[in-house]
Amino acid sequence: MVSTEQLVRRGADAVALRQEQQRNAAQLLRRNALFLMLERRLYEANVKSREGSFKTKGPADFPGNEINGKTFGQIGMGNIAQRIAYIMGTGFHCKVLGYDPFVSAEDALKRGFEKVETVEELLERSDLVNVNVPLVKSTRNLVSREAMAHFKPGSVFVNAARGEVIDEDALYDALVEGRLRAAACDTFVEEPVSPDNKLLTLRNFSATPHLGGNTEEALQKTGMQVVRDTLAVLNGDFAAAHRVN
């Protein structure tokens with residue numbers, strides 16, 4: 001990957017496709033696919049159906065859970081997080097909490113969140129927890145083993161940000177010990193995720209290969225935006241091209 005600084009040194013122009021990426025990266029959670037899958041135990045149901053474990057329809061010993069009216073905790077209050085929070089709040093009537101040290105309580109309310117001051121507080125109060133922060137020095141291992149000790153019993157957790165933001169070993173332990181009911185990750189420390197990753201041995205864990213913005217429509221829109229931005233740069237219209245250098 002070539003950095004913006006390297007492009008500048010070589011006299012090249014760089015443009016950002018953040019708007020399309022943010023819009024489409026939110027789709028995986030916009031439709032609440034991962035939380036719905038975890039709460040309704042769809043992955044487990046799929047596996048058990050293939051194994052022939054169910055002897056009746058709607059088995060009474062295999063209940064799921066609803067999302068509606070739960071407390072949704074969002075680590076990070078950026079653009080993607082705001083899109084997700086809006087849908088969780090308006091679509092599922094969730095109480096939405098947010099942790100972000102760079103966002104004031106007043107601004108958090110404008111973005112659709114009730115601000116909490118620590119990750120630990122957010123974990124203690126949330127039934128559903130999602131991570132949406134970039135990987136920088138301050139967010140590496142942000143959801144640490146120490147933080148995971150504060151999960152609300154019976155809660156579910158999703159990481160679709162970056163693998164290094166969480167402690168994967170601690171997540172495994174939280175799932176095995178029952179501090180978390182279920183979890184899903186779209187990102188991992190090692191990508192693509194190794195088949196030897198012990199999280200993959202758990203039926204209350206689901207993995208996807210960083211699918212956040214990977215749709216046919218998103219790829220087409222991004223490709224068209226690249227063409228438009230390239231033409232804009234060649235015509236000297238840098239503002240239209242979302243130039244970043």
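Here are some notes on the predicted model, point by point.

1. Start with the sheet. This is a predicted model, and its seven strands form an open sheet in the order 3-2-1-4-5-6-7, with parallel pairing. Strand 3 and strand 7 (205-207) sit at the edges with a single partner strand each, so one side of each has no neighbour in the sheet. As background, strands of a sheet pair through backbone hydrogen bonds, either parallel or antiparallel.

2. For a look at one pairing, take strand 1 (residues 71-75) and strand 4 (residues 128-131). They run parallel and are joined by four bridges. If you want a spot to zoom in on, Ile-75 stands opposite Val-131 in strand 4.

3. Now the charges: the structure holds twelve salt bridges. Side chains of opposite charge can pair when their charged atoms come close. One of the pairs is Lys-95 with Glu-114, where the closest N and O atoms are 2.7 Å apart. Lys-95 belongs to strand 2 (residues 95-99) and Glu-114 to strand 3 (residues 114-115), so this contact ties together parts that are 19 residues apart in sequence. Lys-95 has 40% relative accessibility, so it counts as partly exposed; Glu-114, at 27%, also counts as partly exposed.

4. Another pair to check is Asp-107 with Arg-111, whose side chains meet in a salt bridge at 3.0 Å, N to O. Asp-107 is partly exposed, with a relative accessible area of 26%, and Arg-111 is partly exposed with a relative accessible area of 26% as well. Elsewhere, salt bridges that share partners join Lys-95, Glu-114, Glu-121 and Arg-125 into one network.

5. Is Glu-44 buried or exposed? Its relative accessible area is 17%, and the cut-off for buried is under 20%, so Glu-44 is buried. Its side chain meets that of Arg-41 in a salt bridge, 3.2 Å from N to O.

6. Helix 11 (residues 216-234) passes a simple geometry check. With 19 residues at 1.5 Å a residue it should span 27 Å, and its end C-alpha atoms are indeed 27 Å apart, which agrees. Just after the helix comes Gly-236, which has a positive phi, near 80°.

7. Helix 11 also has two sides worth colouring separately. Its buried residues are Ala-218, Gln-225, Asp-229, Ala-232 and Val-233. These cover an arc of only 90° around the axis, which puts them on the same side of helix 11. On the other side, Glu-216, Leu-219, Gln-220 and Leu-234 are exposed.

8. Which residues make the nonpolar surface patch of about 310 Å²? They are Val-227, Leu-231 and Leu-234. Val-227 is found in helix 11, and its relative accessible area of 43% makes it partly exposed. Leu-234 is the patch member that also turned up among the exposed residues of helix 11 in the previous point.

9. Last, a loop. Ala-149 lies between helix 9 (145-148) and strand 5 (155-159). It has 54% relative accessibility and the cut-off for exposed is over 50%, so Ala-149 counts as exposed. Its C-alpha atom is separated from that of Leu-180 by 9.8 Å, with the two residues 31 apart along the chain.

Methods
Residues are numbered from 1 along each chain as its sequence is written. This is a predicted model: local features need pLDDT of at least 70, side-chain atom pairs count only at pLDDT 80 or more; totals for chains, interfaces and linings use all residues. Side-chain values use heavy atoms; hydrogens and water are left out. Helices (H or I, at least four residues) and strands (E, at least two) are DSSP runs, numbered from the N terminus. Buried means under 20% relative accessible area, exposed over 50%, partly exposed in between (1.4 Å probe, protein chains only). Patches are made of residues with over 30% relative accessible area and no salt bridge: like charges are joined within 9 Å, nonpolar side chains (Val, Leu, Ile, Met, Phe, Trp, Tyr) within 5 Å. Accessible areas come from the Shrake-Rupley method with a 1.4 Å probe; for residues, only the protein chains shown count as cover. A salt bridge is a side-chain nitrogen of Lys or Arg within 4 Å of a carboxyl oxygen of Asp or Glu. The expected span of a helix is 1.5 Å times one less than its number of residues. The arc is that of the directions from the helix axis to the C-beta atoms. Two strands pair if DSSP finds at least two bridges between them.
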